[in-house]
Amino acid sequence: MKKLLAVLLATAALASVFAVSFHAESSAGADSYMVGDADGDGAITIMDATAIQRLLAGFIEDSDSMIALRGDSDGNGLDIMDATAIQRYLAELTVSVPIGTIVELPAPTVEPTDAPTEATTIAPTDAPTEAPTDVPTDAPTQAPTSPMPTSDPNELPFIPVG
Ligand SMILES: [Ca+2]
Ligand SMILES: [Ca+2]
């Protein structure tokens, strides 16, 4: 019962935190469940194992499949081992499944929205037709001021022999 008490205390602490933080968005526990809490009363009790056994025996219906979802502690579908796991958990025996763990409910499947069929109404902008206003600058008309070389720099200087 120590484990159960710890889980309940942790759940209560979480619930109070959520109540403060997310009170406006959703009621606590509406989008999550406790693994093993087959009957959904918020606690792991022998009634959860009994609910699984009764469902498997066909004595009760599971119209919204929540007993099967919450009771399936190992994720392989609801079977008698899930009831046994709850009994072992309550007897404080070793269980290898996450009984008592809070699990978020899978998000509801949302139909994909249709892609918009209307064509975009924004026409492409026209390219600018106005000519550029900058006139190209004239090429320089003034002749270079440095004098042109008068002799071929590759020509060897004349050295008189004598
Ligand atoms: Ca329960
Ligand atoms: Ca199972």
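In this predicted model, Ile86 makes a good starting point: leaving aside residues up to four places away in sequence, Ile86 touches Gly36, Ile44, Asp48, Ala49 and Ile99. Ile86 is one of the buried residues of helix H4, which spans residues 80-90; the others are Asp82, Ala83, Ala85 and Tyr89. When H4 is viewed down its axis, these buried residues fall within an arc of 155°, so they line one face of the helix. The cover over that buried set includes helix H2 (46-56) and helix H3 (66-71). Just after H4 comes Glu92, with a positive phi near 60°.

Helix H2 can be read in a similar way. Its buried residues are Asp48, Ala49, Ala51 and Ile52. Seen down the axis of H2, they fall within an arc of 155°, so they too line one face of their helix. As for their partners, the buried residues of H2 pack against H3 and H4. H2 is followed by Gly58, where phi is again positive, near 80°.

Which residues have the most contacts inside the largest nonpolar core? They are Ile44, Ile52, Ala85, Ile86, Tyr89 and Ile99, within a core of 16 residues. Strand E1 (32-34), H2 and H4 each supply at least two residues of this core, and H4 gives the most, with four. A general tendency helps to place this picture. In soluble globular proteins, nonpolar side chains tend to be buried together.

The loop between H3 and H4 holds Asp79. Is Asp79 buried or partly exposed? Around Asp79 there are 14 other C-beta atoms within 10 Å; a residue counts as buried at 20 or more and as exposed at 12 or fewer, so Asp79 is partly exposed. The C-alpha atom of Asp79 is separated by 8.8 Å from that of Ala68, and the two residues are 11 apart along the chain.

Stepping back to the whole chain, the secondary structure comes to four helices and two strands. From the N terminus on, these elements run in the order α-β-α-α-α-β. Of the 162 residues of the chain, 16% count as buried. Among the contacts in the chain with a separation of 6 or more, 56% are between residues 24 or more positions apart.

Key:
Residues are numbered from 1 along each chain as its sequence is written. Chains are lettered from A and ligands numbered from 1 in the order in which they are written. This is a predicted model: local features need pLDDT of at least 70, side-chain atom pairs count only at pLDDT 80 or more; totals for chains, interfaces and linings use all residues. The arc is that of the directions from the helix axis to the C-beta atoms. Two residues are in contact if their C-beta atoms, placed from the backbone, lie within 7 Å. A nonpolar core is a set of buried Ala, Val, Leu, Ile, Met, Phe, Trp, Tyr and Cys residues joined through C-beta atoms within 7 Å.
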